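Student: I have a new structure open and no idea where to start. Can you walk me through it?

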Amino acid sequence: RHARVSIDPATIRRDAAFLEATLSMRRLPGLSAMKVFEVVGQTRSFTRAAERLNLTQSAVSRQVRNLEDELGEDLLIRRHHHLELTPAGAELLATIQEAFHSIEVSLRSITEKSNQNRLRINVPPTFAKRWLLPRLPRLRAALPDVDISLSTEATDTLAERGLLDCAIRFGDGEWPMLDASILMTERHVVVCAPSLLEGVKVEGPTDLQRFTFLHVLASPDRRYLTWRHWLDAAGFQDVDTRGGLEFDLLDLAIEAACAGLGVTVADRSMVRVQLETGQLVQLFDVEVEGHESYWFVTRPQAGTDSKVDAFRAWLLTEVSADRAA
């Protein structure tokens, strides 16, 4: 998720003491007992948990038993060779893991905010691999004093307590409570590997039916309508695209096309390198503007941040160069 950072042991002891005091005031079980239970729940073994925690097996077992007694609820089913979580145990484990993760993020946020030279960016996976990574040398040259942290998890948000400085999002620009400015709109073209065209002429819509259609999913049960939009723009009304392969990332559909598995509709910006090197070829001289775009997103009223402003300016310069090309 993020690079692990070192935190001063004194800070950890201070925060742990504060949490222990808070838990005591709230009449909650001790922090150490919940940490022991988390490891037991993960390993399903008192022995492995004891090894990981550098405690004796009996101490680990006693901590969990005391926690069960305090809650008045069994958390584990003790089998001969392994442990199983009861429904109450599974619920508590999930809650504890989420709570410890939040604590870790908060501690990391406190320590990393002191690093004024680090820019934390979240971008879609395909954009990261196909567009941003090939340009990282130019980004480093343009912002030589800025360290970059790049993440691609869609769950990474620009919440006030989070670590992100900015993000690039794909969509229609509707993100409540965030400021969004458009970077570039998709330009859809149909591409495939040159090997698929050996001995084959592709001149009209019926010729497309010879190939496997590669689709990108908008959700587990719904495809993006990129194929339908492109076919309508090309005047190919009677092409049946119901079959084919489906992928949850455009990047995977592009890789499948490069491997000769079929034809796909892709944003020209994401396949520019493959088209230039001949790894992919464009079918038909039809380019269609997509219905969604890439947007630069920041927190509202975030104030002026020189790193973010410099990164935004660099992005716009690169996008303009793309358009000119």
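Tutor: We'll go from the whole chain to the pocket and then to single residues. This is a predicted model, where local features need pLDDT of at least 70, side-chain atom pairs count only at pLDDT 80 or more, and totals for chains, interfaces and linings use all residues. Residues are numbered from 1 along each chain as its sequence is written, and side-chain values use heavy atoms, with hydrogens and water left out.

Student: OK. What does the secondary structure of the chain come to?

Tutor: Twelve helices and eleven strands. Helices (H or I, at least four residues) and strands (E, at least two) are DSSP runs, numbered from the N terminus.

Student: How much of the chain counts as buried?

Tutor: 41% of the 325 residues. Buried means under 20% relative accessible area, exposed means over 50%, and partly exposed is in between (1.4 Å probe, protein chains only).

Student: And how much area does the chain expose?

Tutor: About 18200 Å², with carbon and sulfur atoms supplying 51% of it. Accessible areas come from the Shrake-Rupley method with a 1.4 Å probe; for residues, only the protein chains shown count as cover.

Student: Of the contacts between residues at least 6 apart in sequence, what share joins residues at least 24 apart?

Tutor: 72%. Contact means heavy atoms within 4.5 Å.

Student: New topic. How much space lies in the largest pocket?

Tutor: About 730 Å³. On a 1 Å grid over the protein atoms alone, a pocket is an open set of points where a 1.4 Å probe fits, with protein on both sides within 12 Å along at least five of seven lines. Lining residues have an atom within 4 Å of a point. Grid points are joined across faces, edges and corners, and the volume is the space filled by probe spheres set on the points.

Student: Which residues lie nearest its centre?

Tutor: P124, F170, V216, L217 and Y224, out of 31 lining residues. Several elements give two or more residues to this lining, including α6 (125-132), β5 (166-171) and β7 (213-219).

Student: Which element gives the largest share?

Tutor: β11, with four residues.

Student: How do the lining residues divide by type?

Tutor: 17 are nonpolar, eight polar and six charged. Ala, Val, Leu, Ile, Met, Phe, Trp, Tyr, Cys and Pro count as nonpolar, Asp, Glu, Lys and Arg as charged, and the others, Gly among them, as polar.

Student: Back to α6. Is α6 mostly covered or mostly open?

Tutor: Mostly covered, since six of its eight residues are buried. Those are T126, F127, A128, R130, W131 and L132.

Student: What follows α6?

Tutor: A loop between α6 and α7 (136-142), where you find R135. L133 has its place in that loop too.

Student: Is R135 buried or exposed?

Tutor: R135 counts as buried because its relative accessibility is 8%. Its side chain makes a polar contact with the side chain of E318 at 3.2 Å. A polar contact is a pair of N or O atoms within 3.5 Å; within protein, one must be able to donate a hydrogen and the other to accept it, and residues adjacent in sequence count only if both atoms are side-chain atoms. Beyond four places in sequence, R135 is in contact with W314, E318 and D322.

Student: And L133?

Tutor: L133 counts as partly exposed, at 42% relative accessibility. Leaving aside neighbours within four places in sequence, L133 is in contact with A128 and L150.

Student: Let's jump to V60. Where does V60 lie?

Tutor: In helix α4. V60 counts as buried, at 0% relative accessibility. Not counting residues up to four places away in sequence, V60 touches V36, V40, F46, A49, A50, L53 and L55.

Student: A49 catches my eye. What about T43?

Tutor: T43 is in contact with A49 too, along with R48 and R52, leaving aside neighbours within four places in sequence. The place of T43 is in helix α2 (residues 31-43). T43 is buried, with a relative accessible area of 9%. Its side chain reaches the backbone oxygen of S45 at 3.1 Å.

Student: Any odd backbone angles?

Tutor: Most residues other than glycine have a negative phi. N54 has a positive phi of about 60° although it is not a glycine. N54 is found in the loop between α3 (46-53) and α4 (57-71), and counts as exposed at 71% relative accessibility.

Student: What is the phi of F284?

Tutor: Near 70°, a positive value in a residue other than glycine. F284 is found in strand β11 (residues 281-298).
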